[in-house]
Amino acid sequence: MQASLNIALVGNPNSGKSSLFNVLTGLNQKVSNFPGVTVDKKTGHANIAPGLAANVIDLPGTYSLYPKSADEYVTYDVLINVNATEAPDLVIIVADASNLKRNLLFCSQIIDLKMPVIIALTMMDIARKKGVEIDLDGLERELGVPVVAINPRKNKGVTELKKLIEQSSKGNHAVPARDFINNIGLAKESIEEVKKYTNSRSDYAALHVAVNSDELNFLNGGQKLAIKNALQTNQFNKTKVQAEEIMQRYARIKHIMKSTVVEADPLQKQLRSEKIDDLLLHRFWGYVILLVVMFLLFQSIFWLAKYPMDWIEAGFGQMSGWLTSVLPNNQITDVFINGILAGVSGFAVFVPQIAILFGLITILEDSGYMARISFLTDRLMRQVGLNGKSVMPLISGVACAVPAIMATRTIENKKERLITILVTPLMSCSARLPIYTVMIALVIPDKRIFGILGLQGLAMMGLYLLGFFMAILIAAVMKLFVRIKEKSYFIMELPVYRAPRWKNVGITMLEKSKIFITDAGKVIVVISVILWFLASYGPTKRMQPIHQKYEQLMAAVPKESPQADSLNHQFQSEKLSNSYAGILGHSIEPAIAPLGFDWKVGIALITSFAAREVFVGTMATLYSVGENPNDNNATLREKMAAAKRADGTPVYTFATGIALMLFYAFAMQCMSTMAIVRRETKSWKFPLFQLVYMTGLAYVFSLIAFQVLK
């Protein structure tokens, strides 16, 4: 029978926990070169040795055992709650060797919890480049726990780590008998009282219960009341105790550093990262470079994705035309070609752009530049009531608002976190990308300025910047109404620059494409089939006269004549207009007509509330059902470009295209985002507020744009 144990991975942000987690479990969790990637605990299975398996828990990074933000409380609860189902049998502290003094504070706190501990030192190569040499054996003696050097990126030291885990599971590494500091001396009476009411495993754990008893969910009401009374009786001052504790810890850490670590001369020349930062964080050139990087990012989405998108689009067009010619003309063929295949083609063509977008974002994260964007924008964030930590969720929102809103857990200030949650959906996520791409291709000419700057790339960049600056503007307004007074400070460690891990980039591109195809694809195909039914059938009293009318007209002209084709086209259009989908679309058309939208766009606005990317699948289905069957080999963009109103004018003019892009730039249109906002804020009033204000913004801006540009 295979033994199993719970292993918790803890450490400072950006120390390499998620990389080690991926190596141990074989899972592909998001790994990036900036702090705050892990905002919730992730669990995976690892085979440590023959007969020994482990549940590995990757916990959010924290600099101290005193939590300040929601993600740090996740780590705190796992480590302090001895009754939790995921209470660790072993804690692996992942520590950055290049910043050992700061990391040892957290290490010493975990050691004093009296749990089996292994310290895994990462970034030894960077430490050596800084001129830092660490005596691992001496450090192990001083701390009283095993220490091993690892490099998860290159899979070095992992075998040695697994051997230590195996030895620890057999009880070969006992917890240190002596505390790192004299914890009981910090508040003896209060600690002893707490231990009467709880089963704290150490004096230091009892001290933490005393400090945070009101916030600890594993304590019942009776325990909290008894502890509160005891602390009042003993005049427990948690601020004074915490300050004294930190001072004592750093005094001992200073002694350990002096005896086990050789550091370089402080006058040593700057590292490469610091020299690069002189340029990239420059007060003027830093922002210029940031704009250039953002333009190249969005322009590359067009440059690199053009050919695969054209191939996919042409392939689906030819497949539809071929299937129409070889399959029997019946309802099964119709639902397959004009329902399922049209829906699939509507989103499959955008897979290259989704993959490229996530690939480029991963390169920025992995290289360390993404953290610099936070630093550069901190000043702007502070003017609107936020700080640099809000930038990471906003930037993450370019990929998807759901994990971006979860990433706000790293923001300690409650007011700033709430405002960030409320404005993050304004960032243009990847689900908006297919809509932008279709409309830009329709209404923005493929021309270049100065032979370099593509108009379509500039338009795409403009939409993303519009979302960002609108989020900033709305945040500034909300700052006046959200009544939470709390000071915040933006302190962030800038990671060193590294070459991107191309394997990581490739895995991210494949995983995100897979998620887009499976998650969005399932919704789009289901909605496409439903739409096919709604667009193919209608009330008998409406549809029967249309069939009778065109049967008589068709009988009067030759079957293969141009007149027959024209009548068939009119029949399909009139039938679609009087179908259930047509009736629904025409019923809402008066409300959206001032925006330049016709009834087909109205249907897409409704269906895409499930997910924004459903818009393209909806349009693909509607234009497939409503068009002449002989035109099935045409692409969606060709069908939309050829679409005419009743008066013969184009449906998708420049004014309509801009209005539609603005609508989707601002509208909520995402049930998943509303659900995650409800979970994070624990209230429905905030997602409903988002739905109202974002829909209002979308309508007003679209209205103004169409009325001015038409």
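The following exercises, each with a worked solution, concern a predicted model of a single protein chain.

**Exercise 1. Overall composition**

State how many helices and strands the chain has, what share of its residues is buried, and what share of the contacts between residues at least 6 apart joins residues at least 24 apart.

Solution. Begin with the secondary structure: the chain has 30 helices and ten strands. Next, consider burial: of the 710 residues in the chain, 55% are buried. Finally, take the contacts between residues at least 6 apart in sequence; 74% of these join residues at least 24 apart.

**Exercise 2. The nonpolar cores**

Determine which residues have the most contacts inside the largest nonpolar core, and which helix gives the most to this core.

Solution. The largest nonpolar core has 92 residues, and those with the most contacts inside it are Val423, Leu426, Phe597, Met619 and Tyr652. The helix that gives the most to this core is H20 (residues 455-479), with eleven residues. Apart from this core lies another, of 57 residues, including Val91, Val132, Leu186 and Ile191.

Val423 can then be examined individually. With its neighbours within four places in sequence set aside, Val423 is in contact with Leu394, Ala471, Ile474, Ala475, Met478 and Tyr693.

**Exercise 3. Packing of H19 against H28**

Classify the relative direction of helices H19 and H28, give the handedness of their crossing, and describe the residues of their contact.

Solution. First, the geometry: H19 (residues 433-443) and H28 (residues 654-666) pack with their axes 9 Å apart, at an angle of about 165°. Angles over 145 degrees count as roughly antiparallel, and H19 and H28 are therefore roughly antiparallel to each other. The crossing in which H19 passes H28 is left-handed.

Second, the residues: H19 contributes Ile435, Tyr436, Met439, Ile440 and Val443, while H28 contributes Phe654, Gly657, Leu660, Met661, Tyr664 and Ala665. By class, the contact of H19 with H28 comprises ten nonpolar residues, one polar and no charged.

**Exercise 4. The enclosure of H25**

Explain why helix H25 is described as largely enclosed by the rest of the structure.

Solution. A residue counts as buried under 20% relative accessible area. In H25, the residues that are buried are Trp599, Lys600, Val601, Gly602, Ile603, Ala604, Leu605 and Thr607. Helix H25 (residues 599-607) thus has eight of its nine residues buried, so it is largely enclosed by the rest of the structure.

**Exercise 5. The surroundings of Ala120**

Locate Ala120 in the secondary structure, decide whether Ala120 is buried or exposed, and list the residues that Ala120 touches.

Solution. Ala120 is placed in strand E5 (residues 117-122). Its relative accessible area is 0%, so Ala120 is buried. When residues up to four places away in sequence are not counted, Ala120 touches Ile92, Ile93, Val94, Ala95, Val148 and Ile150. For Ala95, the C-alpha to C-alpha distance from Ala120 is 6.1 Å, although the two are 25 residues apart in sequence.

**Exercise 6. Two positive phi values**

Give the phi values of Lys114 and Gln235, and establish where each residue lies and whether each is buried or exposed.

Solution. Phi of Lys114 is near 65°, a positive value in a residue other than glycine. Lys114 lies in the loop between helix H3 (100-111) and E5, and its relative accessibility of 17% means that Lys114 counts as buried.

For Gln235, phi is near 50°, again a positive value in a residue other than glycine. Gln235 belongs to the loop between helix H9 (221-233) and helix H10 (238-260). With a relative accessible area of 72%, Gln235 is exposed.

Definitions and conventions:
Residues numbered from 1 in each chain as written. Predicted model: local features only at pLDDT ≥ 70, side-chain atom pairs only at ≥ 80, totals over all residues. Heavy atoms only, no water. Core = buried A, V, L, I, M, F, W, Y, C linked by side-chain atoms within 4.5 Å. Buried < 20%, exposed > 50% of the residue type's maximum accessible area, 1.4 Å probe, protein only. Helix = DSSP H or I, 4+ residues; strand = E, 2+ residues; numbered from the N terminus. Contact = heavy atoms within 4.5 Å. Axes fitted to C-alpha atoms, helices over the stretch in contact; angles between N-to-C directions. Parallel < 35°, antiparallel > 145°, perpendicular 65-115°, else oblique. Left-handed = near helix turned anticlockwise from the far one by under 90°. Nonpolar A, V, L, I, M, F, W, Y, C, P; charged D, E, K, R; others polar.
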